[in-house]
Amino acid sequence: MVTERRTETRGRLQFRFRGREVALTRFSPRATVLDWLREDALAKGTKEGCGEGDCGACTVVLARLRGGRLRYDAVNACILLLGQIDGAELITIEDLADGDALHPVQRAMVDQHGSQCGFCTPGVVMSLFAAYHSGVPATPASLNDQLAGNLCRCTGYRPIVAAGLSTCDGAPADRYARTGEERAAALEALADGRDLFVGDEARFFAAPASLEALAALTARFPDAILVAGATDVGLWITKQLRDLGRILWLGRVAGLDAVGEAADGALALGAGVTLLDAAPHLAALHPDLGELMRRFGSAQVRASGTVGGNIANGSPIGDLAPALIALEGRVVLRKGTETRRLPLEEFFIGYGKQDRAPGEFVLAVEAPRLREGQSYRAFKISKRLDEDISAVMLAARLDLKGRRVAAARIACGGMAATPKRAANAERALIGASLDAPETWRAALDALASDFAPLTDMRATAAYRMTAARNILWKTLVEIAGAGAPTRVGALHAAE
Amino acid sequence: MPQSDAFEAAPTAVVHKALPHDSARLHVRGSATYVDDIREPEGTLHVAVGMATAAAGVLTSLDLSAVKAAPGVVAVLTAADVPGKNDIAPVFADEPLLVEGEVMFHGQAVFAVVARTRDAARRAARLGQMAIEARQPSVAIADALVTGARVQDDYAFGRGDAKAAIAAAPHRLEGAFAIGGQEHFYLEGQVSLAVPGEGDEMTVYASSQDPTETQHIVARVLGVPDAFVTVETRRMGGGFGGKESQACTWAALAALAARVTGRPCKVRLDRDDDFALTGKRHDFRADWRVGYDDKGVIAGYDVMLNARCGCSADLSPGVVDRAMFHAGNGYWLPDVAIGTRRLKTDTVSNTAFRGFGGPQGMIAIERVMDAVARERGLDPLDVRKANLLRAGCDRTPYGQAVEDFDTQRAMIEELEETSAYRARRARIKAFNATSPWLKRGLALTPLMFGISFTLIPLNQAGALVHVYSDGSIHLNHGGTEMGQGLFTKVAQIVAEEFGVPISFVRVTATSTAKVPNASPTAASSGTDLNGMAAQIAAAEIKGRMAAFAAAQWGVPVETVEFRDAHAASGNHRMAFSALAKACRLARVQLSCASHYKTPEIHWDRAKATGRPFFYFAYGAACAEVAIDTLTGEMRVLRADLLHDVGSSINPALDIGQVEGGFIQGMGWLTTEELVYDAKGRLTTHAPATYKIPVASDVPPIFNTRLHTRANPTASVYRSKAVGEPPLMLAISVYSAILDAVHATSPQGQPRLEAPCTPESILNAIRSLDGAA
């Protein structure tokens with residue numbers, strides 16, 4: 001997307017909508033795409049169901065250039081800041097039909113009786129539209145994933161999935177497929193590589209195009225809110241009603257979304273890499289990480305949320321942190337021209353507090369690959385399998401010498417004020433034999449000295465502790481390789 | 001009872017067809033208009049609620065100066081601004097629109113802000129300073145059993161002497177279990193737009209299942225006669241019972257703001273506020289005792305249903321009564337005692353929710369069936385079958401004779417075959433014997449649901465049909481569309497009556513100005529009542545048109561037929577549209593307002609006798625689950641549903657109700673957990689923390705079939721009501737989880753509380769191994 005970098009700053013937001021270019025020189029930095037659609041554009045087809053990115057009634061699609069090609073991502077308009085659609089094509093439910101002719105996914109939704117009350121339907125259709133343009137044939141599993149962020153309270157989903165299966169064959173043949181090249185060219189023309197700054201010093205939406213520009217802006221406005229995907233910051237606006245005056249959006253920073261390798265061969269994920277783009281790389285490290293990423297938020301959240309945002313946010317229940325801490329993951333921070341690297345667990349100082357100085361930002365996250373003799377497991381427990389927040393998360397990496405544990409790294413989420421290592425359990429596990437379950441008990445018991453979890457709406461303290469023990473047990477059972485099934489998700493109904 | 005198994009359906013052209021929902025094309029284009037999508041009249045203001053900061057106590061001071069000074073604020077409303085009665089209660093006068101002295105639950109509306117934008121109103125609402133002399137709130141059922149507070153007197157009915165029968169039985173068991181509540185989570189939150197007219201007139205566009213009650217309450221709050229208030233509802237983005245009484249509050253608040261400011265005013269609750277401010281399904285605790293013989297045949301059943309009603313009666317009297325009516329499900333209980341406590345707590349007032357108490361009463365007896373089977377070492381299905389209503393043992397605990405009980409047994413046996421229950425039972429047993437960490441469970445449960453409002457006066461409906469001179473038909477009735485397809489079904493009925501395609505029929509928004517004194521669209525009765533009323537109106541107009549045609553053609557009126565968009569008799573034939581035009585020129589009235597009331601039903605609550613239900617709908621479901629005994633995680637692997645819809649008016653819509661009801665019920669019993677803290681605050685107040693099913697929760701094998709034997713009772717086109725009953729098919733999931741928990745230990749009765757979250761399941765397992 002970076003062509004040649006020009007120096008002058010652009011003072012207007014620009015995106016494509018209804019076949020035209022929209023340019024806005026004045027808008028509130030905290031305006032959301034949904035507000036703009038419903039209140040300014042008077043386009044009422046996109047609905048607000050929850051205002052926090054969990055129900056998907058507000059799902060719209062952003063067509064964006066990725067590697068020179070258009071990619072169609074479903075996103076939640078209710079927590080997407082208007083400024084974040086700079087350079088994108090915004091596609092909403094009103095765009096799909098061609099006059100009286102319904103789009104194939106709309107037609108299929110009618111034929112399959114996929115709508116009842118109809119309120120979730122625009123969002124569902126837009127998610128199916130994204131699946132239609134995904135380039136791969138849909139399966140029941142892929143549609144379940146695509147739709148995990150679209151709550152429907154009426155149908156029970158079966159007809160919606162059927163509508164997707166009957167249309168999303170990986171070979172789109174709609175108006176969008178036919179006009180792909182010209183629309184890609186229109187977006188190419190918007191990709192000017194310039195810094196974006198709309199507003200004045202008191203209230204602005206800024207989107208620097210380079211790391212240097214970002215570093216300069218963070219130094220100049222250390223109190224500005226750094227926004228990556230806004231999947232959490234959006235709620236500060238819609239729920240806490242905070243008046244965010246200065247917003248620095250990271251989505252245009254060239255290179256921040258790079259995926260590469262650190263000097264030691266570790267996977268290096270730029271802070272701006274979306275959870276969607278990070279998923280296959282993490283899955284390559286271990287299948288449990290792939291499953292964790294599949295269950296991470298929803299398709300809409302994964303298309304917006306970023307690796308850096310999930311870490312920098314510092315949530316005690318963010319799923320990436322424990323998974324990567326167990327892998328000996330690192331965070332790379334930058335302030336001005338200075339860069340530093342620290343073990344991921346040291347980044348989390350206390351509840352809501354991270355080792356990040358004013359003006360400093362997360363540059364990348366690094367995840368070492370598993371070496372010979374290392375085993376890894378990651379488990380997440382939540383009330384609902386998909387699109388839920390962990391009650392307990394536990395990840396462990398064991399270094400094995402033969403059938404004995406030589407070293408262990410165990411990290412938990414939801415068990416303390418921060419993602420945290422189970423130092424006592426790690427020590428207690430050293431020397432344990434995979435063939436002697438009685439040697440595992442000390443580590444299980446040690447968890448009680450590592451954590452004093454809380455009771456909240458997701459689980460009681462007692463459950464969290466029991467579940468953490470049992471997951472560690474399960475980790476050892478699996479690595480020991482006894483053979484009996486341990487994954488409830490892998491079972492099929494009896495015949 | 002006008003019943004006949006010999007009833008045979010006549011051939012139809014529109015009814016009994018799987019037509020799409022009348023708004024389907026609008027839904028998928030985003031062009032179906034919900035209240036918040038109506039183009040706002042000029043000068044529309046927005047209302048936000050100032051919410052109580054404690055759950056119980058007395059409001060001692062309220063400082064709204066910062067609210068009034070906030071940007072964009074036009075007015076701030078308190079109870080003192082209510083010109084009529086500050087009372088939004090549907091049954092008893094026990095709940096105010098805005099707090100007046102006593103605070104009844106955390107978040108209750110204390111004041112309201114009217115501002116130029118919704119954002120401005122919401123921000124200003126947070127600036128109110130209130131002092132509440134708080135007391136320790138009573139939050140849970142256990143709290144209410146200590147305080148003894150009730151919203152209504154305890155009530156019981158039964159037959160014989162249950163205690164003696166239990167004492168005399170060869171075997172006895174007793175237990176208690178908790179059944180969680182449920183948030184409706186209609187995707188469209190509560191919303192109303194009030195537009196003041198001239199004088200005292202007020203028009204309210206409300207997302208309401210009960211426009212008539214909404215009209216009453218708006219009029220009561222404004223202090224004007226009902227005739228000055230018009231309430232209109234085109235559609236809701238989901239209701240499920242949550243917009244029956246609960247929608248009235250927001251319509252009244254919008255109307256109050258419109259009255260005070262003289263401008264159109266809209267209330268649209270934020271989702272978190274909707275959770276805090278509106279009632280939910282009642283959570284229950286069932287305390288039960290049962291006596292039975294060696295084969296698990298029940299001799300006596302004694303149950304106390306403790307229902308948490310919340311801070312006011314709302315619709316709880318009917319909800320808890322219905323729990324009692326379904327406490328026996330479709331079983332013969334020779335001696336039975338069903339008691340209830342209608343508990344008052346300092347929490348939001350619980351309300352109607354699909355099933356209306358029935359599911360809670362039903363799951364209790366199903367839990368008992370599983371307990372009896374476990375103790376006897378019998379297959380739970382065999383115990384269920386041994387206890388079904390049967391010849392000579394065909395009366396419910398409240399004395400109504402059930403005439404088509406054979407339908408229930410036939411459906412259970414059919415599902416037993418088609419789900420391969422016995423073979424899978426054997427395979428599951430073998431799996432569990434060799435799987436230490438994961439266990440499977442299987443269950444097949446029946447349901448029998450009574451159809452009619454148990455409040456007899458509600459069993460009536462009105463319709464208004466016009467035929468215009470071009471032959472197009474305007475259809476209006478008192479029922480509301482919330483996604484269930486009522487408008488489609490009633491349009492099918494009217495089209496069938498006139499012998500025209502459904503495209504001739506235009507269904508219009510429900511309005512208190514068109515059909516007055518309507519009942520709520522509830523109790524699964526929408527089609528039964530409104531379909532009948534509309535059919536009567538259409539038949540009346542058709543009769544006039546036929547008489548006119550017969551006179552013109554000189555043929556007997558009974559020879560005139562309406563089909564294929566024509567009227568015909570012998571060689572005479574005329575397009576329906578031409579006949580309509582000719583009737584108008586001949587001064588034949590082409591409009592009819594009609595009325596229907598359900599025959600034969602009666603109920604004497606004081607004596608607990610009568611026939612509260614016109615008929616029963618049946619269903620059966622077989623669910624298979626797997627649980628992780630280390631974490632309590634659970635997956636539903638397969639579900640087979642068989643549901644009785646009579647002669648379905650629209651099989652596609654009915655399958656939608658059955659599947660959707662099952663998944664919603666599954667959510668109620670598995671992932672959907674309402675958690676209140678000790679201060680009475682709901683801590684699961686948004687979809688981030690309150691988890692309704694998503695697509696991946698749907699069983700990977702999910703078979704649904706309709707049982708379509710004609711209703712022996714004379715319902716509209718011999719169909720059966722379908723809105724609520726399928727929700728109770730999900731009791732099979734609870735029962736299957738219980739079966740899987742049983743597999744972790746050879747004996748013992750686990751405590752498995754609903755909803756069956758991972759924590760609940762792990763607790764149940766630990767309650768068996770004594771490790772808890």
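Let us start inside chain B of this predicted model, where helix 10 (residues 358-376) and helix 18 (residues 731-742) pack at an angle of about 30°, their axes 10 Å apart. Because angles under 35 degrees count as roughly parallel, helix 10 and helix 18 of chain B are roughly parallel to each other. The crossing of helix 10 past helix 18 in chain B is right-handed. On the helix 10 side the contact is made by B:Met362, B:Ile363, B:Glu366, B:Asp370 and B:Arg374, and on the helix 18 side by B:Ile731, B:Tyr734, B:Ser735, B:Leu738 and B:His742. Sorted by character, the residues of this contact between helix 10 and helix 18 of chain B are 5 nonpolar, 2 polar and 3 charged.

Now step back to look at chain B as a whole. Its secondary structure comprises 19 helices and 29 strands. The C-alpha trace of chain B spans about 80 × 75 × 50 Å along its principal axes. A compact globule of 772 residues would have a radius of gyration near 28 Å, and the 27 Å of chain B agrees with that. Of the 772 residues in chain B, 64% are buried. Among contacts in chain B with a separation of 6 or more, 80% come from residues 24 or more positions apart.

Two places in chain B let you see burial up close. The first place to visit is helix 3 (residues 118-125) of chain B, which is largely enclosed by the rest of the structure because 8 of its 8 residues are buried. These are B:Arg118, B:Asp119, B:Ala120, B:Ala121, B:Arg122, B:Arg123, B:Ala124 and B:Ala125. They pack against strand 1 (45-51), helix 2 (65-69), strand 3 (73-77), strand 5 (109-115) and strand 12 (265-268) of chain B.

The other place is B:Met532, which lies in helix 15 (residues 526-553) of chain B. B:Met532 counts as buried because it has 25 C-beta neighbours inside 10 Å, where 20 or more are needed. Setting aside neighbours within four places in sequence, B:Met532 is in contact with B:Ala461, B:Tyr596 and B:Val716. From B:Met532 to B:Ala24 the separation is 508 residues in sequence and 24 Å in space, C-alpha to C-alpha.

Let us cross over to chain A. Here helix 10 (residues 275-285) and helix 11 pack at an angle of about 160°, with their axes 6 Å apart. Helix 10 and helix 11 of chain A are therefore roughly antiparallel to each other. Helix 10 of chain A brings A:Leu275, A:Ala278, A:Ala279, A:Leu282, A:Ala283 and A:Leu285 to the contact, while helix 11 of chain A brings A:Pro287, A:Leu289, A:Gly290 and A:Met293. The residues of this contact divide into 9 nonpolar, 1 polar and no charged.

Helix 11 (287-294) of chain A also helps to cover the buried residues of helix 4 of chain A, as do helix 3 (121-132), helix 5 (158-167) and helix 12 (299-304). In helix 4 (residues 140-147) of chain A, the buried residues are A:Leu143, A:Asn144, A:Asp145, A:Gln146 and A:Leu147.

Finally, see how the chains meet: 69 residues of chain A are in contact with 78 residues of chain B. On the chain A side, helix 2 (104-111), helix 3, helix 4, helix 5 and helix 18 (461-480) each supply at least two residues. Helix 18 of chain A gives the most, with 7 residues. The side of chain A that touches chain B divides into 36 nonpolar, 19 polar and 14 charged residues.

Technical notes
Residues are numbered from 1 along each chain as its sequence is written. Chains are lettered from A and ligands numbered from 1 in the order in which they are written. This is a predicted model: local features need pLDDT of at least 70, side-chain atom pairs count only at pLDDT 80 or more; totals for chains, interfaces and linings use all residues. Axes are lines fitted to C-alpha atoms, for helices over the stretch in contact, and angles run from 0 to 180 degrees between N-to-C directions. Helices (H or I, at least four residues) and strands (E, at least two) are DSSP runs, numbered from the N terminus. Angles under 35 degrees count as roughly parallel, over 145 as roughly antiparallel, 65 to 115 as roughly perpendicular and the rest as oblique. A crossing is left-handed if the near helix is turned anticlockwise from the far one by less than a right angle, and right-handed if clockwise. Two residues are in contact if their C-beta atoms, placed from the backbone, lie within 7 Å. Ala, Val, Leu, Ile, Met, Phe, Trp, Tyr, Cys and Pro count as nonpolar, Asp, Glu, Lys and Arg as charged, and the others, Gly among them, as polar. The radius of gyration is taken over C-alpha atoms; the globule rule is 2.2 Å times the number of residues to the power 0.38. A residue is buried if 20 or more other C-beta atoms lie within 10 Å of its own, exposed if 12 or fewer, and partly exposed in between; C-beta atoms are placed from the backbone.
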